[in-house]
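This report goes through the ligand surroundings, the charged pairs, the cysteines and some backbone features of one structure. The sequence and the structure are shown first, and the discussion follows.

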Amino acid sequence: MIDHLGRGIDYLRISVTDKCNMRCIYCMPEEGVPFRPHDEMLRIEEIARFVRIAARCGIRKVRLTGGEPLVKKGIVDLVRDIAQTPGIEDVSLTTNGILLPQMAGDLKEAGLNRVNISMDTLDPDQFHYVTRRGHIDDVFRAIDASLAVGFDPVKINAVAVRSLHQDFYGFAKLSIDRPLHVRFIEYMPVGESSGGSGAGWTEEDTIPAEEIRAIINERAAEEGHAPLQAVGKDGGPAGSGPAVYYTFPGAQGTVGFISAMSNHFCASCNRLRLTADGKIRPCLFSDLEVDVRSALRNNSDDDAVIAIIGEAIGIKPKEHDNSGAGTVRRMSQIGG
Ligand code: SAM
Ligand code: SF4
């Protein structure tokens, strides 16, 4: 599937629910997402049908996200269904990890290949502050469970926020003794972020990836350790996407940087997004959306859905700007 600017589109990110068992200050309001009638949300069978049709159009990789995907009833069955869909080569999941210890085995058995676990700080009190309710030990248990069942790779995603003063070097060191791939994500102005959900995005809070890497190398030097070394284009873990990877000499894992703000990767963007309420969203940073829920629901034939997918890739923006204008929908609604 090629969009109107010649970009190959083979990657679909699906927000399976906008609900979550946490309330991260930059992502959700304290009281959770505003109530929406249940029938506005795509059902598991509708999502599975969309994936089957999207695979016919050329989608090869699917990531399930949210909100928190593991709170969606039927998520294990959805993983199984997608993993068995002809054409789909890879199914992955982005999760806060809270429910992962008890679900990792079933998810692996259902065909999930790999996980990204989000954790923004290593400090237990700060973790509770950022998530407004989480306990960091649960995330460490999720990491252990993921390695134990054999997800590969296991990635740790940390959003870098200047005012949080995170221990980047401490995070990076998680990649040394175990095959963990720690990725730092630049804080992005998504979802009325300039105030709507708590801490609120500000330009100063976004730390460019290069600065994070310099901080890590400085701390490494202070401790007498070698700096991060570039691993080259093919040296990163599977499903690298736009991240650029480095490693400490002799480490089992890697350290990656996702610089959506300081260094656009729009020219090679291969993604479409499906929101929990059935809109195809061609760009995270743009509120352009095309409704596909009615077509999935009203017994329309597959060709109607294919036409809507075509319409969505036809309006995929060339690139996003860094103005900080934000988007109307929050990350938890779009699927981060
Ligand atoms: N609940 C799951 C989780 O936390 O991994 C999946 C959904 S969450 C929206 C996906 C990712 O988006 C998380 O790593 C989260 O930290 C990140 N995220 C949310 N808001 C963001 C923002 N404004 N800028 C950058 N990343 C953000
Ligand atoms: Fe929930 Fe993930 Fe958003 Fe945190 S970042 S509130 S865990 S959806």
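A residue is called buried when its relative accessible area is under 20%, exposed when that area is over 50%, and partly exposed in between. Because threonine 95 has a relative accessibility of 2%, it counts as buried by that cut-off. The model discussed here is a predicted one, and the values below should be read with that in mind.

**Ligand 1 and its surroundings**

Threonine 95 belongs to strand β3, which covers residues 90-95, and it takes part in two contacts of interest. A polar atom of the side chain of threonine 95 lies 2.9 Å from the backbone nitrogen of glycine 97, while a backbone N or O atom of threonine 95 lies 3.3 Å from an oxygen atom of ligand 1. Two further residues contact ligand 1 through their side chains: a polar side-chain atom of serine 118 is 2.5 Å from an oxygen atom of the ligand, and an N or O atom in the side chain of glutamate 68 is 3.1 Å from a nitrogen atom of the ligand. On its own, ligand 1 has 550 Å² of accessible area, and the protein covers 94% of it.

There are 15 residues around ligand 1, of which Tyr26, Gly67, Glu68, Ser118 and Met188 come nearest. By class, this shell is made up of five nonpolar, eight polar and two charged residues.

**Ligand 2**

The surroundings of ligand 2 consist of Cys20, Met22, Cys24, Cys27, Met28, Gly67 and Asn96. Five of these shell residues are nonpolar and two are polar, with no charged residue in the shell. Gly67 is listed around ligand 2, and Gly67 is also one of the residues that come nearest to ligand 1.

**Salt bridges**

Side chains of opposite charge can pair when their charged atoms come close. With a nitrogen-to-oxygen cut-off of 4 Å, the count for this model comes to 24 salt bridges. Three of the pairs are set out in the table.

| Acidic residue | Basic residue | Closest N to O distance |
|---|---|---|
| Aspartate 3 | Arginine 7 | 2.7 Å |
| Glutamate 30 | Arginine 132 | 3.9 Å |
| Aspartate 291 | Lysine 279 | 3.2 Å |

What is the burial state of the two partners in the pair of arginine 7 and aspartate 3? Arginine 7 has a relative accessibility of 7% and therefore counts as buried, and aspartate 3, at 5%, is likewise assigned to the buried class.

Glutamate 30 and arginine 132 form a salt bridge with their closest N and O atoms 3.9 Å apart. This pair links distant parts of the chain, 102 residues apart, since glutamate 30 sits in the loop between β1 (11-15) and α1 (44-57) and arginine 132 in the loop between α4 (124-131) and α5 (136-149). Glutamate 30 has a relative accessible area of 46%, so it is classed as partly exposed.

Aspartate 291 and lysine 279 are joined by a salt bridge at 3.2 Å. Their pairing connects strand β12 (residues 290-291), which holds aspartate 291, with strand β11 (residues 279-281), which holds lysine 279, across 12 residues of sequence. Aspartate 291 is partly exposed, with a relative accessible area of 29%.

Salt bridges also form a network, in which Asp167, Lys173, Arg219, Glu222 and Glu223 are linked.

**Cysteines**

The structure contains zero disulfides. Cysteine 57 is accordingly unpaired, and the nearest cysteine sulfur, which belongs to cysteine 269, is 17 Å away. Cysteine 57 is buried, because its relative accessible area is 17%.

**Backbone features and a spatial pair**

Arginine 132, which was met above as a salt-bridge partner, has a phi near 65°, a positive value in a residue other than glycine. Histidine 165, which is not a glycine either, has a positive phi of about 50°. It lies in the loop between β5 and α6 (168-177), and with a relative accessible area of 69% histidine 165 is exposed.

The peptide bond between aspartate 152 and proline 153 is cis, with omega about 0°, and proline 153 lies in the loop between α5 and β5 (154-160).

Arginine 56 is part of helix α1 and counts as exposed, at 55% relative accessibility. Between arginine 56 and isoleucine 88 there are 9.4 Å from C-alpha to C-alpha, with the two residues 32 apart in sequence.

Conventions. Residues are numbered from 1 along each chain as its sequence is written. Chains are lettered from A and ligands numbered from 1 in the order in which they are written. This is a predicted model: local features need pLDDT of at least 70, side-chain atom pairs count only at pLDDT 80 or more; totals for chains, interfaces and linings use all residues. Side-chain values use heavy atoms; hydrogens and water are left out. A residue is near a molecule or strand if one of its heavy atoms lies within 4 Å of it. A polar contact is a pair of N or O atoms within 3.5 Å; within protein, one must be able to donate a hydrogen and the other to accept it, and residues adjacent in sequence count only if both atoms are side-chain atoms. Accessible areas come from the Shrake-Rupley method with a 1.4 Å probe; for residues, only the protein chains shown count as cover. Ala, Val, Leu, Ile, Met, Phe, Trp, Tyr, Cys and Pro count as nonpolar, Asp, Glu, Lys and Arg as charged, and the others, Gly among them, as polar. A salt bridge is a side-chain nitrogen of Lys or Arg within 4 Å of a carboxyl oxygen of Asp or Glu. Buried means under 20% relative accessible area, exposed over 50%, partly exposed in between (1.4 Å probe, protein chains only). Helices (H or I, at least four residues) and strands (E, at least two) are DSSP runs, numbered from the N terminus. A disulfide is a pair of cysteine sulfur atoms within 2.5 Å.
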